[in-house]
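Got the viewer open and a hand on the mouse? Let's take a walk through this one, stop by stop.

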Protein chains: 2
Amino acid sequence: MIAVDVGGTGTKAALVTGGPGGVVAVKQQRRATRPGGDAVVEDVALLVDELRTASEHPVDAIGLVVPGIVDEATGTGVYSANLGWADYPFRDRIEAATGLPAAFGHDVRAGGLAELRQGNARDLTDAVIMPIGTGIAAALVLDGRISSAPGEVGHVNVGHGDPCGCGQTGCVEARASSAAIARRYTERTNRHVTGAVDVARLLTEGDVDAAEVWREAVDALAKGILLVAALLGPRAVVLGGGLALAGPKLTDPLGGRLDELITFQRRPELRLAALGDEAGCLGAALLAIDMLEER
Amino acid sequence: MIAVDVGGTGTKAALVTGGPGGVVAVKQQRRATRPGGDAVVEDVALLVDELRTASEHPVDAIGLVVPGIVDEATGTGVYSANLGWADYPFRDRIEAATGLPAAFGHDVRAGGLAELRQGNARDLTDAVIMPIGTGIAAALVLDGRISSAPGEVGHVNVGHGDPCGCGQTGCVEARASSAAIARRYTERTNRHVTGAVDVARLLTEGDVDAAEVWREAVDALAKGILLVAALLGPRAVVLGGGLALAGPKLTDPLGGRLDELITFQRRPELRLAALGDEAGCLGAALLAIDMLEER
């Protein structure tokens with residue numbers, strides 16, 4: 001398979017080998033993402049061509065995943081504000097451009113599928129797999145399967161009142177995404193940081209502003225997870241994305257805050273994702289394998 | 001089948017006939033619910049015996065549904081604060097007491113199953129079926145099936161700050177359940193009302209206190225539905241229970257408030273449930289039929 005994960009800034013492609021239970025990337029390529037459905041299909045076709053040429057074996061299928069609102073059933077990119085498409089027929093266009101059968105899906109749900117099949121959600125039938133990076137989203141594992149539900153846990157109102165890019169206020173993402181943590185630290189201190197990783201480091205060094213920004217991020221995340229616990233009762237929340245690299249600096253205070261807030265809900269275990277940056281691509285490959293198996 | 005729906009105050013039992021696609025109650029019995037697992041099993045066994053004696057045909061199975069936290073897989077009533085049980089093995093005990101095979105489930109999820117198979121959710125694969133009575137709960141229809149998720153939409157924090165019986169603040173249920181609407185009207189006016197139906201009538205008569213209590217209930221409900229829309233993206237919310245008897249007095253302002261609040265989420269259609277008070281019993285019968293089909 002060739003798997004492609006179209007991100008907000010960069011597009012990752014990988015030549016992948018394996019079966020339904022697990023896959024591994026054997027060769028990778030990256031390029032910057034250009035906005036627009038046509039541009040994405042053009043660039044994906046080039047990446048596929050490069051990897052196909054480099055492959056020692058014939059390529060059976062493509063797995064392509066994109067962000068935004070995705071309709072897996074029809075193979076359509078329904079909407080992406082950042083990347084500028086609406087109702088774009090990705091699956092048909094990529095099949096036409098490459099001559100290969102293509103599976104099409106959502107980046108976060110595909111990454112969740114990879115965590116479920118071969119990452120840190122392997123033993124779970126009810127879980128939330130939540131990558132935290134520029135934004136916050138979630139793949140919902142319900143009754144053993146990745147649900148097609150949107151899982152927009154980044155845009156539930158947890159009451160802090162700050163505005164969010166989505167037009168609402170109080171969103172988890174407005175305080176707890178990696179981007180928000182870095183931005184809020186800089187707003188508070190006028191000191192530049194390159195990302196949430198810097199804020200996590202400053203926190204360890206005893207920086208009081210970092211501690212406050214981090215505390216507010218953890219509070220928003222805990223309240224978002226609490227809502228998910230009331231509605232879905234997951235056994236575990238698997239944290240991924242850039243922010244999860246903070247490890248116990250994230251999970252320790254988050255677990256503590258959850259313990260304070262929780263009443264009747266099942267307290268989800270907090271885990272760190274296993275597959276990191278590769279989850280989307282591996283998930284795209286798993287979608288392609290599932291498609292081939294079904295035929 | 002004999003179907004039994006154990007409620008917080010009363011237990012309904014029905015002799016039911018039909019198949020997986022639909023059932024109908026041919027004879028019904030009721031009695032007050034006594035708390036405790038053993039008392040419930042004893043009373044259910046009596047109801048079963050009465051209906052079995054009255055039946056012209058042999059009875060194949062029992063379907064039993066209860067409130068609280070339920071583990072369908074093990075047939076256990078995990079917890080009910082109101083009815084006073086913890087980890088009670090209902091399925092085994094009712095089979096032993098009656099000599100009939102029994103299916104065991106959760107009252108709200110069973111009622112949701114009945115709405116899905118033969119009520120106003122028949123055409124839906126992604127929906128939330130939300131009975132509003134003394135409390136507020138929901139059955140989640142995800143990818144065409146009733147999920148085992150808890151669906152506690154009554155106990156998500158929508159920011160109004162009022163305390164809830166569950167120990168949290170801001171719960172939807174604390175402002176929008178039938179019980180809360182009646183209680184809040186009386187607290188505000190010192191006038192007794194028998195239930196939310198009275199408040200709905202007063203609203204029509206131009207009572208300003210009724211209008212304010214109703215507005216606050218609608219606001220809490222709309223915010224709860226908004227959270228569900230972000231996480232699950234249902235095509236419709238099917239409103240049931242006593243409060244749904246208010247019909248357009250509920251759905252018109254609720255739809256208006258949702259339109260004001262919604263941004264990126266799919267706006268769920270608002271529907272009224274079809275099966276009313278009978279949904280739990282019919283759902284219990286469907287669980288029994290599904291069990292027999294699987295054998």
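Before the first stop, one bit of vocabulary: two strands count as paired if DSSP finds at least two bridges between them. Keep in mind, too, that what you're looking at is a predicted model.

**Stop 1: a small sheet in chain A**

Select β5, β6 and β7 of chain A. Together they make an open sheet of three strands, in the order β5-β6-β7, with antiparallel pairing. Which strands stand at the edges here? They are β5 (69–71) and β7 (85–88) of chain A; each has a single partner strand, so one side of each is left without a neighbour in the sheet. Turn the view a little and look for the twist, which averages 15° from one strand to the next.

Now zoom in on β5(A) and β6(A), the latter covering residues 76–80: they pair in the antiparallel sense over three bridges. Want a pair to click on? Pick Ile69(A), and you'll find its bridge partner in β6(A) is Tyr79(A).

**Stop 2: a salt bridge in chain A**

Stay in chain A and show the side chains of Asp290(A) and Arg117(A). They meet in a salt bridge, at 2.7 Å from N to O. Asp290(A) sits in helix α9 (residues 279–294) and Arg117(A) in helix α3 (residues 107–118), so this pair ties together parts that are 173 residues apart in sequence. If you feel like hunting for others, the count over all chains comes to 54 salt bridges.

**Stop 3: hairpins in chain B**

Hop over to chain B and select residues 2–6, which are strand β1, along with residues 10–19, which are strand β2. The two run antiparallel and are joined by five bridges. Follow the backbone from β1(B) to β2(B), and you pass through a hairpin of three residues. For a matched pair, click Asp5(B), which stands opposite Lys12(B) in β2(B).

Keep going and add strand β3 (residues 22–32) of chain B. How many bridges link β2(B) and β3(B)? There are ten, and the pairing is antiparallel. These two strands also form a hairpin, with two residues between them. Here the pair to click is Gly18(B) and Val23(B), which stand opposite each other, with Val23(B) in β3(B).

While you have side chains on screen, here is a handy rule: in a regular strand they alternate between the two faces of the sheet.

**Stop 4: a five-stranded sheet in chain B**

Next, select β9 to β13 of chain B. This is an open sheet of five strands with mixed pairing, and the order across it is β11-β10-β9-β12-β13. At the edges stand β11 (145–146) and β13 (269–272), each with a single partner strand, so one side of each is left without a neighbour in the sheet.

Is the pairing of β9(B) with β12(B) parallel or antiparallel? Select residues 127–131 for β9 and 236–240 for β12: they pair in the parallel sense, over five bridges. Pro131(B) is a good one to label, standing opposite Gly240(B) in β12(B).

Then bring in helix α8 (residues 248–261) of chain B. This helix lies across β12 and β13 of chain B, and runs at about 165° to β13(B).

**Stop 5: where the two chains meet**

Zoom out and colour the chains separately. Chain A can be laid on chain B with an RMSD of 0.1 Å, by a turn of 180° and a shift of 0.0 Å along the axis. The two copies are thus related as by a two-fold rotation axis. To find that axis, look for Gly159(A): of the residues of chain A, its C-alpha comes closest, at 3.1 Å.

Now select the contact residues. There are 30 in chain A, touching 30 in chain B. Between them the chains bury about 2300 Å², with 62% of it on carbon and sulfur atoms. How many salt bridges lie between chain A and chain B? The count is zero, but eight residue pairs are in polar contact. On the side of chain A that touches chain B, the elements giving two or more residues are β10 (139–142) and α7 (208–232). End your tour on α7(A), which gives the largest share of that side, seven residues.

How values were computed. Residues are numbered from 1 along each chain as its sequence is written. Chains are lettered from A and ligands numbered from 1 in the order in which they are written. This is a predicted model: local features need pLDDT of at least 70, side-chain atom pairs count only at pLDDT 80 or more; totals for chains, interfaces and linings use all residues. Side-chain values use heavy atoms; hydrogens and water are left out. Helices (H or I, at least four residues) and strands (E, at least two) are DSSP runs, numbered from the N terminus. Contact means heavy atoms within 4.5 Å. Axes are lines fitted to C-alpha atoms, for helices over the stretch in contact, and angles run from 0 to 180 degrees between N-to-C directions. Copies are superposed by least squares on the C-alpha atoms of residues with pLDDT of at least 70 in both. Buried area is the accessible area (1.4 Å probe) that two parts lose on being put together, summed over both. A salt bridge is a side-chain nitrogen of Lys or Arg within 4 Å of a carboxyl oxygen of Asp or Glu. A polar contact is a pair of N or O atoms within 3.5 Å; within protein, one must be able to donate a hydrogen and the other to accept it, and residues adjacent in sequence count only if both atoms are side-chain atoms.
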